[in-house]
Amino acid sequence: MDHMDWLKEAIDYGVIGLLLVLSILVVAVVLERIAFFARVKPYTYASVKQLELDLSKRLVVVASVASNAPYIGLLGTVLGIMLTFSSMDLSAGADPGKIMVGLALALKATAAGLVVALVAVVAYNALLRRAKVLMLQWEIARESASGAHHG
């Protein structure tokens, strides 16, 4: 295995590995948030701001992965394309088959980044919506409680 093969493997597994770790992180945060949302009792909070802080905890992780995963995938693709072109033996002529295989392999990093990002965006939007519903339930409970006292 020459140094170009080693470099290709490092780029390939490094980028795909990082995206895999990020996707596992997103799944862990999403599961933790779903469990928290299921057991949280909005009416026990004295302040809607404290409720919002507790509900939005760790959502920045999901949003950050959603916004950065495509760039990580794109970086893997760019590095893979650079490696493909630098490894071409120009003196013997470029083998179009080898170039196409190299480019196809490079593009899988972008595809992986997009898949991770799409899942993270959907998860983030769903969690954000659930948090907003719980905060509205808190406000409705407060309004009905204060309305009952004034009635």
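Buried means under 20% relative accessible area, exposed over 50%, and partly exposed in between, with a 1.4 Å probe and protein chains only. This is a predicted model, in which local features need pLDDT of at least 70, side-chain atom pairs count only at pLDDT 80 or more, and totals for chains, interfaces and linings use all residues. Residues are numbered from 1 along each chain as its sequence is written, and side-chain values use heavy atoms, without hydrogens and water.

Q: Why is R58 called partly exposed?
A: R58 has 38% relative accessibility. Partly exposed covers values between 20% and 50%, so R58 counts as partly exposed.

Q: Why is R33 called buried?
A: The relative accessible area of R33 is 2%. The limit for buried is under 20%, and therefore R33 is buried.

Q: What makes E32 and R58 a salt bridge?
A: A salt bridge is a side-chain nitrogen of Lys or Arg within 4 Å of a carboxyl oxygen of Asp or Glu. The side chains of E32 and R58 meet at 3.6 Å, N to O, so the pair fits the definition. E32 lies in helix 1 and R58 in the loop between helix 2 and helix 3, so the pair ties together parts that are 26 residues apart in sequence.

Q: What makes E32, R33 and R58 a network?
A: E32 also meets R33 in a salt bridge, at 2.7 Å, N to O. Salt bridges thus link E32, R33 and R58.

Q: Why is Y71 called exposed?
A: Y71 has a relative accessible area of 58%. Exposed means over 50%, so Y71 is exposed.

Key:
Helices (H or I, at least four residues) and strands (E, at least two) are DSSP runs, numbered from the N terminus.
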